[in-house]
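Please open the model in your viewer and keep the selection tool at hand. The tour below goes from stop to stop, saying what to select next and what is there.

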Amino acid sequence: MSDDAARALAERYGERVRVTESFGETTADVPAELWPDLLTFARDELGCEFFDWLTGVDDPPEAFSVVAHVYAPAGRTHLLARTSVPRADPRLPSVTGVYRGANWHERETFEMFGVIFEGHPHLVPLLLPDGFEGHPLRKDFVLAARVAKAWPGAKEPGESDHGSPSRRKTLPPGVPPDWGRDG
């Protein structure tokens, strides 16, 4: 993004927004309450008419980051918008009124991370089967399939249930030590 855009962001938001540039990509970090305002400003004032994507990032132990990428076709410039929501109550205003394309992405982020987009017109599960419990892209989500069947990528003795005699049984990454053990 141009220096003009960075200057415009600084003039509008002052210390409330942190603008950085890395590898030609401009990033604007804002508090959650400014999220819809930042994206509206990007669309209306910076020419970022194209909504590319939005997703969550699990940033334990305190928060989730929500990241959106928008693009200004006229100037061929990009803006990465970021905010953070607390892990205990992950809520963020929806931006579907700013970019219609955010609808699907907010639903996916809600389903995979548990971030609630307030004001979303239809915040329901999108990809997972009915009755699925949990949010599979959170780092604390237990991957039960790794315990239920043998690890297919076994390279060392004892990593699978067949072949040479096993050493100490180890659990795959992400599985709590006491999970699935019969007491």
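Begin by selecting β4 and β5, two strands that run antiparallel and are joined by 10 bridges; strands (E, at least two residues) and helices (H or I, at least four) are DSSP runs numbered from the N terminus, and two strands count as paired if DSSP finds at least two bridges between them. This is a predicted model, in which local features need pLDDT of at least 70 and side-chain atom pairs count only at pLDDT 80 or more, while totals for chains, interfaces and linings use all residues. Residues are numbered from 1 along each chain as its sequence is written, and side-chain values use heavy atoms, with hydrogens and water left out.

Within this pair, select Phe-64, whose bridge partner in β5 is Val-85. Then move to the turn, where 4 residues lie between β4 and β5 in the hairpin. Arg-76, in that turn, has a positive phi near 50° although it is a residue other than glycine, and Arg-76 is exposed, with a relative accessible area of 68% (exposed means over 50%, buried under 20% and partly exposed in between, with a 1.4 Å probe and protein chains only).

Next, add strand β2 (residues 25-29), which runs parallel to β5 and is joined to β5 by 4 bridges; here Ala-28 stands opposite Ala-81.

Now select Pro-60 and Pro-61, because the peptide bond between them is cis, with omega near 5°. Pro-61 is placed in the loop between β3 (50-59) and β4 (63-72).

The remaining stops are salt bridges, of which a search of the whole structure finds 9, each being a side-chain nitrogen of Lys or Arg within 4 Å of a carboxyl oxygen of Asp or Glu. In helix α1 (residues 3-13), select Arg-7 and Asp-4, which lie 3 residues apart, about one turn of the helix, and whose side chains meet in a salt bridge at 2.9 Å, N to O. Arg-7 is partly exposed at 45% relative accessibility, whereas Asp-4 is exposed at 53%.

Select Asp-37 and Arg-12 next, whose side chains also form a salt bridge (2.9 Å, N to O). Asp-37 lies in helix α2 (residues 35-44) and Arg-12 in helix α1, so this pair ties together parts that are 25 residues apart in sequence.

Finally, select Asp-58 and Arg-87, which form a salt bridge with their closest N and O atoms 2.5 Å apart. Asp-58 is in strand β3 and Arg-87 in the loop between β5 and β6 (91-93), 29 residues apart. Asp-58 is buried at 6% relative accessible area, and Arg-87 counts as buried at 18%.
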